[in-house]
Amino acid sequence: MSDDDFGAGYSGLNLLANYLLDYIKLDRELIIDIDRHERRQAIVHGIQLTCRELNIDILAEGVETLH
């Protein structure tokens, strides 16, 4: 099972808690210009830690900057 656009709505945490997901996809609005937004970086970092513990892969929309 997967979730399309995790972070776009209000059900993201409930999905993580209640379903066995293979992966989540982070919404473009959360990812765009993340290199300039510490709050967004902190949120994504928290999601990464949680998903690592739950063995869930992460995909991201809106990745446009190379580092």
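Does N55 count as buried or exposed, and at what relative accessibility? In the predicted model examined here, N55 counts as exposed, at 67% relative accessibility. The residue lies in the loop between helix 3 and strand 3 (57-60), and it follows helix 3 with a positive phi. The value is about 60 degrees, although N55 is not a glycine.

A second residue invites comparison with N55. Phi of D33 is likewise positive and near 60 degrees in a residue other than glycine. D33 belongs to the loop between helix 2 and helix 3. With a relative accessible area of 32%, D33 is partly exposed, because the range between buried and exposed runs from 20% to 50%.

The overall architecture provides the setting for these loops. Three helices and three strands make up the secondary structure of the protein chain, and from the N terminus the elements follow the order β-α-β-α-α-β. Of the 67 residues in the chain, 25% are buried. The chain exposes about 5200 Å², of which carbon and sulfur atoms supply 50%. Among contacts with a separation of 6 or more, 43% are accounted for by residues 24 or more positions apart.

Helix 3 was examined in further detail. This helix covers residues 38-54, 17 residues in total, and reaches 24 Å from its first C-alpha to its last. That span is close to the 24 Å expected at 1.5 Å a residue. Within helix 3, V44, I47 and C51 are buried. Viewed down the helix axis, the buried residues fall within an arc of 60 degrees, so they line one face of the helix. An α-helix has 3.6 residues a turn, so residues three or four places apart point the same way. On the other side of helix 3, the residues E38, R39, A42, R52 and E53 are exposed.

The buried residues of helix 3 also take part in the largest nonpolar core. This core has 11 residues, namely L15, L16, L21, I24, L26, L30, I31, V44, I47, C51 and I56. At least two of its residues come from each of helix 1 (12-18), strand 2, helix 2 (28-31) and helix 3. Helix 3 gives the most to the core, with three residues. In soluble globular proteins, nonpolar side chains tend to be buried together. One core member, C51, is in contact with I24, I56 and I58 when its neighbours within four places in sequence are left aside. Of these partners, I24 and I56 are themselves listed in the core.

Strand 2 also contains a lysine with a low accessible area. K25 is found in this strand, which covers residues 23-26. K25 is buried, with a relative accessible area of 19%, because the term applies to values under 20%. The side chain of K25 makes a polar contact with the side chain of E61, at 3.2 Å. K25 is also paired in space with A60: the two residues are 35 residues apart in sequence, whereas their C-alpha atoms are 5.4 Å apart.

Key
Residues are numbered from 1 along each chain as its sequence is written. This is a predicted model: local features need pLDDT of at least 70, side-chain atom pairs count only at pLDDT 80 or more; totals for chains, interfaces and linings use all residues. Side-chain values use heavy atoms; hydrogens and water are left out. Helices (H or I, at least four residues) and strands (E, at least two) are DSSP runs, numbered from the N terminus. Buried means under 20% relative accessible area, exposed over 50%, partly exposed in between (1.4 Å probe, protein chains only). A polar contact is a pair of N or O atoms within 3.5 Å; within protein, one must be able to donate a hydrogen and the other to accept it, and residues adjacent in sequence count only if both atoms are side-chain atoms. Contact means heavy atoms within 4.5 Å. Accessible areas come from the Shrake-Rupley method with a 1.4 Å probe; for residues, only the protein chains shown count as cover. The expected span of a helix is 1.5 Å times one less than its number of residues. The arc is that of the directions from the helix axis to the C-beta atoms. A nonpolar core is a set of buried Ala, Val, Leu, Ile, Met, Phe, Trp, Tyr and Cys residues joined through side-chain atoms within 4.5 Å.
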